[in-house]
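Colleague: I'm new to this one. Could you pick a single part and take me through it closely, then show me how the surroundings are laid out?

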Amino acid sequence: MNDIFPKRGDHDPANLDLKDFDRYERAHIPPGPPPKQDPRERVLNFNEVFLGYDEEQAIVEAARCIHCPSPEPCILGCPLHNDIPTALLLIEQRRFSEAANVFRATSNMPEVCGRICPQEILCEGSCTVAGYDRAVNIGKLEAFCADWQRRNEGFPDYRIAPPSGKRVAIVGSGPAGMSAAEELMRDGHECVVYEEWPKPGGLNVYGIPGFKLYKQIIAEKAAWLERYGVRFVCNTRVGKDIAMQTLLDEYDAVFLGIGAPIGNKARLPGEELKGIYQATEFLVRANLPLEDLPARLRARPEIGKHMAVIGGGDTSMDCVRSSIRLLRQAGMCDAVVTDYYRRTENEMPGRYEERMHAKQEGVQFEFLVAPVAFHGDAEGHVREIEMQRMELGAPDESGRRSPKPVEGSNFCVPADVVVLALGYSPDPELGNSLPDLKKGWKGLFAVETEFTGATNIPGLYAAGDDVRGADLVVTAVAAARHAARAMDGYLRTER
Ligand SMILES: Cc1cc2nc3c(=O)[nH]c(=O)nc-3n(C[C@H](O)[C@H](O)[C@H](O)COP(=O)(O)OP(=O)(O)OC[C@H]3O[C@@H](n4cnc5c(N)ncnc54)[C@H](O)[C@@H]3O)c2cc1C
């Protein structure tokens, strides 16, 4: 099945013609950074910052791969174990569609992962070339060939297993749910995906801003899955509009990919004031066409002369960069966006690239400060944040030096809009509707192992952020693929 995809070893570099360069020459090809929008232009739009390689640029960049003797570190550094060297060799040989198929053999979302994976700690972080120069731009090359194929040929046609007669319900259409649906559909099972938001995609659509990820990709992917019979039932919250037990009764197996969507609260006085937003609400209202939102969210968020974002992860960078775009589009050139973080830049968990982009776009940063209260005006609207200075103490369980308040250091900063980007927790409602379902840390679903995703209830599987806690697209896809394999085995077992 799925034999249009090359198997590992089909394109062993040893059998391919490394005609142009030997390893030494490859090592001396200068890196070709992918072209980007100029910061002065990009703050006026929500389009992707990276413009993507053209064919000639991609070929030269791919030729920088020195094809390490196996096992190639980049393959091991990728949670999906994409066969990166083979794909890069095919790009080099102008065989872009075949290169895309190499990525698709192990990944359901190469267009997405190529754009937004933290490659510097995964494949590119393991790249041998990074030992003496900039790592090969693996992510941008992955996005290049997957885009090339999608634009020129469409997603590839699949060979589908004969219908199994089994029905699977998938709850959530994020990277985990969509990948599980794709895998199970290919195995011949009928898949119905239940989704709370109006459109499929999860955080790829309702979270990650358009300047990082072109949303049309997800819409095209969903439409393509529908062509193969996957059914998306949107605007439907399982646990409210349809009971979880109904799904367990009516389907042969159920997959839970509901993410970890609840924004953590600051738990500080004044948090309920107007003008204070949770990150996800702010981002979807700032980024998406309003018609793609449920009626209660169909208005742009407020903007103001002083916009403050609290947090240090990638979500906080998405919020400051969305804020500065809203302000500049509205012509508010002297308005300021500031990110407040309680440690120093060294301890920030988000990507360096995102921080650098934010700085280029004019975002300001205040380190070693934490809010202690939000103060409002007579109308109950936030106007100031009371801050306390912090200093770094001993490392905590995350390995980062922990922030400690400096007594008597409180001060106030002006803030007309505040966005809280303080991390995410799982939504307990659906899990609570199944009292027998085993939960783990913070109410995340407990599974046998991530290699099966099996919960303690027969036929019920889970993967993605609802098992790992808020993490990454690539880890959600990887776990969903494992779960789909286990589900296929379960569905094919006589009981
Ligand atoms: C602002 C932001 C930026 C991010 N940036 C990056 C990044 O740059 N790179 C990266 O790799 N990762 C990033 N992430 C993390 C990444 O988006 C997640 O790890 C990934 O989406 C998890 O996939 P998932 O399918 O498990 O969950 P989700 O994407 O959260 O999808 C879960 C889906 O389930 C639906 N759902 C939930 N409950 C129900 C219910 N009861 N009934 C029906 N449907 C339900 C939700 O509406 C949602 O569509 C970011 C996250 C955020 C919030």
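Modeller: Sure, and keep in mind that this is a predicted model. Let's go to a pair of helices: α5, covering residues 84–92, and α9, covering residues 138–152, whose axes come within 11 Å and cross at roughly 60 degrees. That angle is why α5 counts as oblique to α9. As for the sense of the crossing, α5 passes α9 in a left-handed way. So what sits where the two helices meet? From α5 you get Ile84, Ala87, Leu88 and Ile91, and across from them α9 brings Ile138, Leu141 and Cys145. Sorted by class, this contact has 7 nonpolar residues, with no polar and no charged ones.

Now the surroundings. The domain assignment splits the protein chain into domain 1 (13–152), domain 2 (167–259 + 434–492) and domain 3 (263–424). Going by C-alpha atoms, the centres of domain 1 and domain 2 are 28 Å apart. The two do touch: 17 residues of domain 1 are in contact with 20 residues of domain 2. Which helix gives the most to the domain 1 side of that contact? Helix α7, residues 110–116, does, with 5 residues. The make-up of that side is a mix, with 9 nonpolar, 3 polar and 5 charged residues. Put that next to the helix pair, where α5 and α9 meet through 7 nonpolar residues and no charged ones, and you have a picture of both contacts.

Terms used:
Residues are numbered from 1 along each chain as its sequence is written. This is a predicted model: local features need pLDDT of at least 70, side-chain atom pairs count only at pLDDT 80 or more; totals for chains, interfaces and linings use all residues. Domain bounds come from an automatic or database domain assignment. Two residues are in contact if their C-beta atoms, placed from the backbone, lie within 7 Å. Helices (H or I, at least four residues) and strands (E, at least two) are DSSP runs, numbered from the N terminus. Ala, Val, Leu, Ile, Met, Phe, Trp, Tyr, Cys and Pro count as nonpolar, Asp, Glu, Lys and Arg as charged, and the others, Gly among them, as polar. Axes are lines fitted to C-alpha atoms, for helices over the stretch in contact, and angles run from 0 to 180 degrees between N-to-C directions. Angles under 35 degrees count as roughly parallel, over 145 as roughly antiparallel, 65 to 115 as roughly perpendicular and the rest as oblique. A crossing is left-handed if the near helix is turned anticlockwise from the far one by less than a right angle, and right-handed if clockwise.
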